[in-house]
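Trainee: I should like a close look at one part of this model, the pairing of strands within a single chain. Please then place that chain among its neighbours by describing how the chains meet.

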Amino acid sequence: MTEIQLTDITKRFEDVTAVNGIDLTIRDGEFLVLVGPSGCGKSTTLRMLSGLETVTDGSIHADDRELTHLEPRDRNVAMVFQNYALYPHMTAKRNMTFGMKSAGDYTDEEIESRVAEAASILDIEDLLGRKPKALSGGERQRVAIGRSLVRDPEYLLMDEPLSNLDAKLRIQMRAELSKLHEELETTTVYVTHDQTEAMTLGDRVAVMDAGELQQVARPQHLYDFPANRFVAEFIGSPAMNTVPVEVVEEGDAVYAVGEDVRVRLPETGGLEPLVGRTLEFGVRPEDLSQAAAAADNRVVANVSVTEPHGDRMLLHGDVDGTLMKFQISARSTLSGGERVEFGTDPDRLHLFDGETGEALYHSSTPEQDQAAETAAR
Amino acid sequence: MANKRSRRDVLYGAGVASTVGLAGCMGGDDGDAGDGSGTGGEDIEEPDDDAITVWHAMGGGSGDLVDDLVERFDADTESEYQGSYEDILNSLFGSIEAGQMPEVVMIDSLHNQQVLDTEATQPVADIIPSDYPVDDLVGAVQDFFVVDEQLNSMPFNNSNAIMYYNKDVYAEAGLDPESPPETIHEVREHSEAIVESGAADYGITWPNHVWFVEHWYALANELILDAENGHDGAPTTMHTETEFAEDLFTWWRDMYDDDLFLNPGIEAWDEARSAFLNGNAAIKLDSTAAVESTLSGAEDEGFELGTAFYPSPTEDRTGVPIGGASLWVSDEMDDSRAEDVGELLAHLGSVENQIEWHQGSGYYPIRQEGIDQLEDEGWFDEQEHFATAFDQLLASETTPATLRMLIGPAREVQLTVQEGSQDIFSGSVGVEEGLADMKESVETELDRYSRVIGA
Amino acid sequence: MSREIYDRSWVAYLLLLPTLVVSAVFLYYPAARAVELSLYETLQFGTRRLWTGLGNYEFLLTSGDYHSSILITLGFSVIVIIGVMAVSLAVSFLIYEVTTGQASYLVAAIWPYALPPAVAGIVFFYILHPSLGVISQPIEALFGVNVDWFTRGGQAFVVLTVAVIWKQIGYNVIFMIAALNNVPDALGEVADLDGVSRTQRLLRVYTPLISPTLLFLAVMNTIYAFFHTFAFIDILTQGGPGGATNIMIYDLYRNAFEFNNHGLASAQSVILFLVVGALMFLQLKVSDRYAHYG
Amino acid sequence: MSLSNPTAYVDELTGENTDTDKLLVHLGLFTAVLLMALPILIALLVSTQQRGVITSPADLLPGSHMVHNYYTVMTDYNFAVYMWNSFVMSTIIVVGKLAISLLAALAIVYYRFPFKNLMFLLILFTLMLPVPVRFVPLFNIVTDLGWYNSMLALTIPYLASATTVFLLRQHFLSIPESIVETAKLDGVGPLKFLVYVLIPMSKGMLAGVSVIMFIYAWNQYLWPLVIIDSQSQQVTQVGITLLQGDIQAGELQWSIVMAGAIITLIPPLLALIAFRKPLLETFGVQQK
């Protein structure tokens, strides 16, 4: 069981900095998801962990052992690739054992028993004699995972392993991966660009953008207390709305005010310095409702489009020249051109610095355990 | 295993010889006879370092016979067909370069100068047994191969060109089958009669080969090159700007223009032969070495064959060119090996073997004694066509013009003459212009050769 | 590149060693020696030589025969390339279009690729011999010409070109079929739905789509026309008549092996090498366009 | 599979494809392939006759001497020996080329080393040095090595192959990166990677390349002509011209020459037909 420590990891390709000074600890037995848009450096980080990519600066430790410049084979790591990377000419079993035989540290009996064990965990005993061509996408995925398991790696890396599966299978495999990890408790780093996958799978989620780590936290914490506007907009679907407002103190209350916006901000202790500034006011579509509309909790939208989703309806409306999304009742009769007032959930309001994107204010405080997790930056 | 099979091949090859035709190698004197050579019944053996290796350019039945003659001398000899005379020359250069020159190599007389210039050979006079009667070589042969009173290379296969004609076509055309043309002008007259009568499509055919041009020059006692065709130093001038040359090539061009001459192509021996045998052409000019195959071919096709002297461009006949291929020996041999090789050459040049060689191939024997013996036996009376070549040879006078060219750039000269002729008779250039072109490129080559070899 | 999973340089060089050694000993060194040889006038396989500096080049560049040889080579190449590609494209497209018997047609169209040039030459020589050829008479009857390519340069050129094109069709068809198979079916189907005629479909849809292959083939066919046709010429026309088929490679071959003039032949090979160099440059340029996936 | 069989097409045409357009396509194609096959069909017919001197198409009938002609060519004219030599030569060239090109392509694709692009260019550049360009010095080197007249001379100089290295490289580059990285993660050594991963994953490609190389080697003519002077070592391409020479020397037996031509054509033709599918794939790869 292993804890991985990344210290100031940097990767430069000629003139491009792909990963810029990341510090990150992956806890023993943890399932950590690295998420971010394409090109954010998440895959590069994973590949540095595997040893497939060299590290330009910084160091990687597994427990007390330094891995930074070790060859992959000396790291005792396993990796599952997006396209499974199964050898097409080998049977499932041979695929699982080929690497072990290369490593040469195992006796034949050990190999047999490990394969049997992995196959039983993954429920692929019947598929061992088949070649990849004769396997379905999901089955190939299992074999690929099986291959990584038989070597009993110190840590396991997964590079978008579900993205080649169709939507239904992906959801099923997601659940199975969670279950598998609960059983094995292998330290796992999982890369995806899909925030839903990140939220559902990760013990913790690390959000990356432009080669830098934006925030590392439990999924709910990320959702509720995004460290910056990037995280706020990246996590959650549809994305969080942001609209420029003036922070105004009126009487003993502080308001976010725009032409179409007037929302009272609950005092959490950090508002005072923000008064008088123009900031980005953030609120998620699901935290807006017509019912909550009131004089000091009011966002007025000029409806442009409505999008029925079956269980709900998404309304696109113009607020102070910014397009915002609102989640409304599925059977609403609102239509384009109407002017509608919404109110917000006062516990779910955020303010971000317009320039840096940094979160300056959340309308509720994190609970104790969340408080422990400060933004990694 | 190769040995076992090869023995059978030799035997089988002898059998095939009658169907394939014994005259495996036509135009023995000329530069391209070896083109018509092959591998039938060839004795294939793994290379054996101890064996005396003989390379020759005789294909078909003649090749088998050479192999047989060589092997009869000693089992430890290796006789191998090497392709045409040009192939053998290239192979010789290659083997000298590789330090693996065979002991004995058959070289066309046209290439003698180039072999001399390799400086890798020695005069056979130095190694043949002292009792070998060089004096008994046929006079014309002596004239050519004895240089500075010593025999440079061992003459072996010698032939000249004669005229073959189809007596049936002659009769059909209303010509006298027993009066073949004697001059090229008569050739034209006869050809006209034949074509007009419809007895054959064409009057005459022969391969476009320099050897035939050499025959005409020799018969007219005209030198092709100065310095006595190269026998008196390196030549520098080609004699094509003469009235004789212009007349000859004008005749040739007109024969072609008037559809009297069937053009089989450059060095196209087989096409000429098959055109003659098929009855497309009534007359062909060809080597004496083709007697046997032409005769059997005529029998197959069911017509009566006639042979006669080569038609002359002039009323007076001086002689036919003398040359032929000879055997050259390496100078990289120790004394005992050289002695063996000398004895092998004497064996090949013995009366008995030369008679056999003549009867099997159509080349004439190089030994006067052999000719006498054949005459005594009445061979020439029985074999009128074999006699034609002899009579023609014996009727020849040796002059500088009848000795074949002895020049370094032989192949260039050969091709230049052949291609130049074609340009002329195909009408792409006038006769005068074509001959001037020929002269210019031959002289350039002569000059280059002297310059480089002298360096 | 992340495929570079090994990084012991000496092992890499060890793996490359056989190829590099063979290339150096049998390709580069002889080529360099050929350049050296081109500075001499030679006889006897180049064993007798006389320094001439650039004399051989000067001779070639001022030789009318060599100029006409270059022109003939260019004309010959252009005709061969266009001819072989037009025929092959038509045949390939028809094979691509048919549904029944496709496999048999394919085999029937690509087999000349396996044909040894010597065999091709001999067979053509035999069937088209002016006076003795099997199909000479039908051709004379059909087209009213007198088949006589032994003396008529134009005819010799035509016979040679036809033989050379014939042998190369198989090679082109293989490439073209492979390329056509790579074209997504939907593109052809769309054109089909739009009612585009077959000829139009070939010219407007498929030809542009497989143009990288066509470009590549144009280069390969040029190399073929320049280098790999000398067996045909040797057997059929020996460069004649009157130099009508004396393309550069045959002229070189003849100087080397008929005339024993290896110095001059070497100079010719250097010139040819420069020509091929230009062609290879073109090929690399061309392949760059579609080799970037790797 | 053999050359098109006319009756088969008629059946196909009268079957479901009644539409005239399809008929025309088949007609055009059939004419085209027939014209292409014609010279060899004539050669085949002639090879069955006694002498094969044919000047009109009316005489083009199958003869009764097929067995005799082919037997004669194989025995009397040494084609059995030539064919065997050609076969050995081609096999050595194919296997040797594949072996050393696999190693070279392995280095070029999977190794990081200095001057890599230069090395690759050096290999590719050899395409510009065909035999005629370097003939004479090549001859000198080979004879200096003492290989004159030997199988070594026929094969070793051909082993370096820019085409093979290039094709293998292209193919290796098309193998998914992740598979390669899996091997690296597992610590699979280069030779094991080559033998257990690359070669099995390149089977079709190797078959295709082998056919190309086999045909190329089999059709070599000029070099054997010059470097081999012993008939026991000679190859069939030179054999066919020797045969032609021999036939020209004797009475015309074109039927024997055509039998030799057909025999010489058979091995590369069989290779092509048997491996046409991998060949198509191989050529497909080259285009990418």
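Mentor: The helices and strands below are DSSP runs, helices being H or I over at least four residues and strands E over at least two, with numbering from the N terminus. Residues are numbered from 1 along each chain as its sequence is written, while chains are lettered from A and ligands numbered from 1 in the order in which they are written. The model is predicted, with pLDDT of at least 70 required for local features and 80 or more for side-chain atom pairs, whereas totals for chains, interfaces and linings use all residues, and side-chain values rest on heavy atoms, with hydrogens and water left out.

Let us begin with chain A at its first loop. Between strand S1 (4–13) and strand S2 (16–26) of chain A there is a loop that contains Glu14(A). The phi angle of Glu14(A) is near 45 degrees, a positive value in a residue other than glycine.

Both of these strands belong to an open sheet of four strands, ordered S2-S1-S4-S5 in chain A and paired antiparallel; two strands are taken to pair if DSSP finds at least two bridges between them. S2(A) and strand S5 (65–66) of chain A are the edges, each with a single partner strand, so one side of each has no neighbour in the sheet. At the S5(A) end, strand S4 (residues 57–62) of chain A is joined to S5(A) by two bridges in the antiparallel sense. Within that pairing, His61(A) is placed opposite Glu66(A) of S5(A). Helix H1 (residues 42–50) of chain A lies across S1, S2 and S4 of chain A, and runs at about 115 degrees to S1(A). For such angles, axes are lines fitted to C-alpha atoms, over the stretch in contact for helices, and the values run from 0 to 180 degrees between N-to-C directions; contact means heavy atoms within 4.5 Å.

A further open sheet of chain A has six strands in the order S6-S7-S8-S3-S9-S10, with mixed pairing. Its edge strands, each paired on one side only, are strand S6 (77–80) and strand S10 (212–217) of chain A. From one strand to the next, the twist averages 20 degrees. Inside this sheet, strand S3 (residues 31–35) and strand S9 (residues 204–209) of chain A are parallel and share four bridges. Leu34(A) has Ala206(A) of S9(A) as its bridge partner. Helix H4 (residues 137–150) of chain A packs on the sheet, where it touches S6 and strand S7 (155–159) of chain A, and its direction makes about 175 degrees with that of S6(A).

One more backbone feature of chain A deserves mention. The peptide bond joining Ser237(A) to Pro238(A) is cis, with omega about -5 degrees. Pro238(A) sits in the loop that links helix H8 (229–234) to strand S11 (241–250) of chain A.

We may now turn to the chains as a set. Chain A does not touch chain B, their nearest C-alpha atoms being 45 Å apart. Five pairs of chains do touch, and chains C and D make the most contacts among them. That contact involves 110 residues of chain D and 97 residues of chain C. Chains D and C bury about 9800 Å² between them, 75% of it from carbon and sulfur atoms; buried area is the accessible area (1.4 Å probe) that two parts lose on being put together, summed over both. Three salt bridges are counted between chain D and chain C, the term meaning a side-chain nitrogen of Lys or Arg within 4 Å of a carboxyl oxygen of Asp or Glu. In one of these, Glu177(D) meets Arg3(C) at 3.9 Å, N to O. Helix H2 (residues 20–46) of chain D gives the most to the side of chain D that touches chain C, namely 15 residues.

Between chain B and chain C, the contact draws on 32 residues from chain B and 25 residues from chain C. About 2600 Å² is buried there, with 51% given by carbon and sulfur atoms. Asn90(B), Arg448(B) and Val452(B) supply 21% of the area that chain B buries against chain C, more than any other three residues. Two salt bridges are counted between chain B and chain C. Glu419(B) pairs in this way with Arg254(C), the closest N and O atoms lying 2.6 Å apart. Among the elements of chain B that give two or more residues to the side touching chain C are helix H18 (410–425) and helix H19 (431–454). H18(B) gives the most to that side, with seven residues.
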